[in-house]
Amino acid sequence: MLPPPSPPAPSSSQPNTAGAAPLPSANDYAALELISQPVWIFDIDRRHVLWANSPALQVWKARSLEELQARDLGRDMSATVAHRLAQYQRDFEAHNAIFAEQWTLYPVGEAVALHVRFSGHRLADGRMAMMCEGQPAGAHAPDSVRAVEALLHTTLMISLYDLEGHPLYRNPAARDSTCRPDECLPERLVDAEDIQLLHDSLASGGGSSLTLRVHTPQGVRWHEVTARRCHDAVSGQDALLLSEADVTAIKDTEAQVRHLALHDPLTGLPNRAQVMARFADALRELGAGGAEAAVVFIDLDNFKDINDTLGHAAGDELLVGVARRLRDATRTEDLVARLGGDEFMVLLRSSDIRGDVDHAYRRIATSLAAPLNVRGLEVRITPSVGVSLFPEHACDIETLLRHADLAMYGAKAEGRNRMVLYNESMGMELRARTSLEAELRLALERGEFEVHYQPRMAVRSRSILGAEALVRWRHPVHGLVGPDIFIPMSERLGLIGRLGMFVFEAAVRQQTEWAARGHDLQISVNLSPLQLADTHLVARMAAVLRRYGCEPSRIELEVTESMLLGNEERPIAVLKAIEALGMSIALDDFGTGYSNLAYLQRYPLHTLKIDKTFIQAPDVDRPLAEMIVSLCRLLKLNVVAEGVETSEQLAWVARREIAEYQGYHFSPPVPAPHFEALLEATPA
Ligand SMILES: Nc1nc2c(ncn2[C@@H]2O[C@H](COP(=O)(O)OP(=O)(O)OP(=O)(O)O)[C@@H](O)[C@H]2O)c(=O)[nH]1
């Protein structure tokens with residue numbers, strides 16, 4: 001059929017909404033027979049020629065009107081042509097539009113170029129058809145015919161405006177993207193100042209290329225608009241030639257990428273990168289204006305436990321809830337960001353920053369104090385907060401963040417759920433810690449670790465039943481360093497596996513030495529949760545036991561509650577392998593954490609050590625300890641009371657018929673020779 005059209009003459013193809021000739025009735029067709037140019041009526045809906053005069057029959061290479069009417073012109077019609085015809089039909093209906101364009105017809109497969117004037121033609125049944133009046137286009141050179149055809153088919157929107165912005169010509173793609181046929185250029189642009197921008201950029205050079213927001217029937221879109229000055233070939237007046245490409249998808253993708261680069265995907269808050277970029281500017285402004293600011297560094301307390309007990313997805317939900325609360329608890333001008341993990345940050349600006357920091361902390365702590373609903377459970381979370389001040393503590397964001405982070409560590413060390421303001425001694429502590437870490441790395445090779453033993457006593461007979469092996473670091477300068485300092489450090493530095501095996505081997509060697517001398521004690525060794533990750537742990541332990549000929553049942557491994565939380569298979573598998581090897585397992589510090597009685601049955605436990613806080617509590621505060629003792633009896637677990645320091649505490653332990661105890665009442669952890677002296681002095 002109506003074939004890929006070929007180019008229109010720009011000046012005449014503009015829709016003409018005024019003064020359309022009255023539509024001919026069916027009887028008028030005969031009169032049209034008298035004119036010499038080809039005229040035919042095309043049924044747009046049904047894709048058939050309804051009527052054609054003789055010159056038109058010639059153009060269509062048809063033997064008769066009936067033969068032409070019988071042709072299905074829709075059969076080979078491209079989607080582009082069908083779309084344009086539908087567009088024409090709408091324009092005929094809406095504006096009595098008239099178009100004049102260059103078309104190429106393919107009546108019997110042969111191309112015929114024709115300049116065609118199209119107008120609407122109302123059929124007797126009320127539908128809108130199209131009257132086509134042709135003029136031979138023989139005068140056009142083949143290249144110009146092709147050029148015009150390309151113009152008609154391209155998705156690039158090409159339009160010509162006079163210098164006031166009135167439309168002179170639009171190709172079909174441009175027509176498709178305008179809201180009204182007579183829409184002026186300034187009306188097309190969403191941002192009023194863009195028309196001036198366009199003129200300015202044209203004035204400063206030959207052409208202009210801008211990405212602008214334009215109104216289209218599909219809504220506001222981003223167009224890359226390339227413009228240049230030219231002459232209108234018809235009127236000779238100065239004109240603007242615009243070509244536009246829709247770049248909305250690219251713009252949207254760019255915006256998404258920018259958003260992702262600067263925001264935390266989980267909470268939608270600004271991320272660390274945005275903090276660094278924006279705060280640097282903000283602080284510069286503050287510096288210039290003499291104002292003050294605070295970097296408030298917030299780390300949630302024991303967040304890992306939420307992940308471990310409720311799962312990572314619940315942890316995520318909690319982080320989203322915390323982000324919302326922080327936003328609500330701060331002013332709109334305060335910048336709230338998620339730095340990563342469970343770390344958040346707020347930048348406060350104020351003229352009285354010390355006073356405002358206290359207020360802000362109270363608001364934050366109060367808003368987080370109310371339980372958060374996570375998967376139907378009420379979860380409570382507390383923050384440890386560190387604060388550094390601008391300009392008092394530093395003037396650049398990196399240092400302020402580092403100081404606030406240090407202060408936050410101070411808050412953790414002081415017991416969590418509090419705010420600590422940075423001070424300079426924290427920097428010194430950090431440096432001391434860093435150098436201690438460096439020395440810790442060498443301490444094993446240098447033989448600076450030693451193992452001390454604390455007796456485990458029979459409550460009734462007061463004889464020594466066993467010992468807990470406890471590692472000590474004898475630092476050449478600082479003397480004995482507490483395990484509360486170097487154990488977490490070793491875990492952080494990845495040294496805990498080697499240190500753990502060092503203690504295990506020392507304990508095994510000691511057990512066999514003492515057994516050979518007639519003191520067959522059970523020795524217990526602490527296991528760090530991080531050691532469970534070592535897939536060779538049990539094999540290494542088995543090799544050590546073999547090397548010293550140690551009876552495995554004489555060694556007990558102490559694990560903590562936190563190692564057993566969650567549903568992971570690994571702890572169970574390791575503990576079962578340890579049991580299979582013949583060693584026993586004790587649960588240490590029971591009662592201080594979750595005291596989840598369910599896992600007492602789930603894990604292969606033999607001994608339960610009741611934490612010293614229960615033993616040292618006044619009599620009235622011991623009902624939980626009593627319940628634990630009864631339960632252990634029921635589960636046939638061996639019970640050890642830890643931290644027995646006084647005769648009164650020992651008497652309580654004895655009354656509860658707890659079989660074993662440990663504590664300063666008899667002896668603190670002591671070096672092996674001292675322990676041997678205790679052995680000699682105590683009844684067997
Ligand atoms: N659910 C969830 N967990 C995360 C995400 N990012 C980090 N984490 C976890 O957050 C925990 C952060 O723990 P830490 O701050 O080191 O320790 P904590 O348990 O909060 O203990 P303290 O900070 O010492 O009070 C780690 O277990 C991470 O695996 C996250 O996007 N979603």
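Trainee: Which of the 16 residues around the ligand come nearest?
Mentor: This is a predicted model, in which local features need pLDDT of at least 70 and side-chain atom pairs count only at pLDDT 80 or more, while totals for chains, interfaces and linings use all residues. Residues are numbered from 1 along each chain as its sequence is written, and side-chain values use heavy atoms, with hydrogens and water left out. A residue is near a molecule or strand if one of its heavy atoms lies within 4 Å of it. Of the 16 around the ligand, the nearest are K304, N307, D316, K412 and R416.

Trainee: How far is a backbone N or O atom of K304 from an oxygen atom of the ligand?
Mentor: A ligand oxygen atom is 3.0 Å from an N or O atom in the side chain of D299. Another such pair has an oxygen atom of the ligand 3.2 Å from a polar backbone atom of L300. For K304, the distance from a backbone N or O atom to an oxygen atom of the ligand is 2.8 Å.

Trainee: What span should helix 4 have, at 1.5 Å a residue?
Mentor: Helices (H or I, at least four residues) and strands (E, at least two) are DSSP runs, numbered from the N terminus. The expected span is 1.5 Å times one less than the number of residues, and helix 4 has 17 residues, 79–95. Its end C-alpha atoms are 24 Å apart, which agrees with the expected span of 24 Å.

Trainee: In what order do the five strands form the open sheet?
Mentor: Two strands pair if DSSP finds at least two bridges between them. Strand 6 (residues 157–162) and strand 7 are joined by three bridges, strand 6 and strand 10 by six, and strand 9 and strand 10 by nine. The pairing is antiparallel, and the order is 7-6-10-9-8.

Trainee: Which strands stand at the edges?
Mentor: An edge strand here has a single partner strand, so one side of it is left without a neighbour in the sheet. That describes strand 7 (167–170) and strand 8 (207–216).

Trainee: Which residue in strand 10 does L160 stand opposite?
Mentor: L160 stands opposite Y169 in strand 7. In strand 10, the residue opposite L160 is L241.

Trainee: Which residue in the hairpin of strand 9 and strand 10 takes a positive phi?
Mentor: In these strands, H231 stands opposite D238 in strand 10. The hairpin has six residues between the strands. The one with a positive phi, near 80°, is G236.

Trainee: Is P483 buried, partly exposed or exposed?
Mentor: Buried means under 20% relative accessible area, exposed over 50%, and partly exposed in between, with a 1.4 Å probe and protein chains only. P483, found in helix 16 (residues 483–493), has a relative accessible area of 30%. That value makes P483 partly exposed.

Trainee: Leaving aside neighbours within four places in sequence, which residues is Q649 in contact with?
Mentor: Q649 is found in helix 24 (residues 647–655) and is buried, with a relative accessible area of 8%. Contact means heavy atoms within 4.5 Å. Beyond its neighbours within four places in sequence, Q649 is in contact with I615, Q616, R622, G643 and V644.

How values were computed
Polar contact = N/O pair within 3.5 Å; in protein donor to acceptor, adjacent residues only side chain to side chain.
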